[in-house]
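Hi,

Here is the structure I said I would pass on. Have a look first, and then read my notes below.

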Amino acid sequence: MLEILTSIVSAAITLFIILDPLLSTSMFIDLTRGLSGKEVLKQAGIATAVAGALMLVFLVFNDVIFSILNIELDSFKIAGGIILFILGLQIVLGLEIGGKAAHEARAEQARDGAELLPGTVRKSMAGVIIGTPIMCGPGTITTVMIIGSQYGILVTAAAIVLSLLVIWMILAFSSRITALLGETVIVILSKIVGLLLTAIAVHTIWSGVVGLIGLTAAGF
């Protein structure tokens with residue numbers, strides 16, 4: 001039982017980091033400005049529900065995707081780890097690989113799309129915009145598939161629920177959190193999140209390399 005709880009918490013922390021609640025908080029405040037407290041809570045719920053639904057879809061069809069593409073988990077770990085490593089570097093160092101930093105580009109694209117909508121529609125769509133592509137983007141989907149293959153569907157699903165529950169609380173009280181911490185502290189915390197993401201990426205890549213070496217040695 002303790003081992004299962006440990007796995008759930010470990011997976012939830014990893015998902016929490018890749019979901020990048022700090023970026024979500026900043027944009028959520030911008031999109032929900034002027035809404036009532038009740039409506040803000042509703043949009044926070046929609047955001048986490050949208051992200052959770054997409055994550056669960058890729059979790060459930062994880063094995064099917066691997067089978068169709070005929071790839072091993074270890075190969076996917078290496079490829080996914082490289083992507084996560086690049087995302088982490090972009091956050092920590094502010095690098096612009098292939099244009100704007102990935103998180104910044106996603107946020108800007110979503111914001112630009114939202115600005116094309118009428119004011120009332122834009123505010124009502126805030127939760128969907130935050131849910132995807134801001135929270136549930138390529139990095140999140142990659143992480144869900146890797147964790148799902150490692151821990152199984154039940155543990156990963158529980159981790160998704162736990163991480164999104166925490167993020168819902170952050171979004172629901174985003175204005176108060178930002179006012180309490182200030183922009184400088186949030187930027188510092190964002191850099192720390194990026195550093196943790198690069199560490200997770202290195203571990204994922206190393207795990208994939210060791211796995212492929214094991215397969216090669218076994219003659220596969």
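One definition before anything else: a residue is called buried when its relative accessible area is under 20%, exposed when it is over 50%, and partly exposed in between, using a 1.4 Å probe and protein chains only. Please keep in mind that this is a predicted model, in which local features need pLDDT of at least 70 and side-chain atom pairs count only at pLDDT 80 or more, while totals for chains, interfaces and linings use all residues. Residues are numbered from 1 along each chain as its sequence is written, and side-chain values use heavy atoms, with hydrogens and water left out.

The overall picture

The protein chain has 11 helices and zero strands. Helices (H or I, at least four residues) and strands (E, at least two) are DSSP runs, numbered from the N terminus. Of the chain's 220 residues, 40% count as buried. About 11400 Å² of the protein chain is exposed, and carbon and sulfur atoms supply 72% of that area; the areas come from the Shrake-Rupley method with a 1.4 Å probe, and for residues only the protein chains shown count as cover. I use "contact" for heavy atoms within 4.5 Å. Taking contacts in the protein chain between residues at least 6 apart in sequence, 86% join residues at least 24 apart.

H1 and the residue after it

H1 (2-19) has 18 residues and reaches 25 Å from its first C-alpha to its last, close to the 26 Å expected at 1.5 Å a residue. That expected span is 1.5 Å times one less than the number of residues in the helix. Among the buried residues of H1 are Ser7, Ile8, Ala11 and Leu15.

Asp20 sits in the loop between H1 and H2. What is its phi? Near 50°, a positive value in a residue other than glycine. Most residues other than glycine have a negative phi. Asp20 is buried, with a relative accessible area of 4%.

Asn70 is another one to look at: its phi is positive, about 55°, although it is not a glycine. You will find Asn70 in the loop between helix H4 (62-69) and H5. Is Asn70 buried or exposed? Asn70 is exposed, with a relative accessible area of 67%.

H10 and its neighbours

Helix H10 (residues 153-172) has 20 residues and reaches 28 Å from its first C-alpha to its last, close to the 28 Å expected at 1.5 Å a residue. Its buried residues include Val155, Thr156, Ala159, Ile160 and Leu164. Which helices do the buried residues of H10 pack against? They pack against H1, H2, H3, H8, H9 and H11.

Thr156 in helix H10 is buried, with a relative accessible area of 0%. Leaving out residues up to four places away in sequence, Thr156 touches Leu59, Val144, Ile147, Gly148 and Tyr151. The C-alpha atoms of Thr156 and Leu56 are 8.9 Å apart, although these residues are 100 residues apart along the chain.

Ala172 is also one of the buried residues of H10. From C-alpha to C-alpha, Ala172 and Lys38 are 9.5 Å apart in space and 134 residues apart in sequence. Lys38 belongs to helix H3 and is exposed, with a relative accessible area of 73%.

Where H5 meets H9

Two packed helices are described by the angle between their axes and the distance between the axes. Helix H5 (residues 73-93) and helix H9 (residues 138-151) pack at about 145°, with axes 10 Å apart. Here axes are lines fitted to C-alpha atoms, for helices over the stretch in contact, and angles run from 0 to 180 degrees between N-to-C directions. On the H5 side, Phe76, Gly80 and Leu84 are among the residues that meet H9, and the H9 side includes Thr142, Met145 and Ile146.

Thr142 is buried, with a relative accessible area of 10%. Not counting residues up to four places away in sequence, Thr142 touches Phe76 and Gly80.

Gly81, also in helix H5, is buried, with a relative accessible area of 0%. Outside its neighbours within four places in sequence, Gly81 is in contact with Phe76, Ala201, Thr204 and Ile205. The C-alpha atoms of Gly81 and Gly208 are separated by 8.6 Å, with their positions 127 residues apart along the chain.

Over to you!
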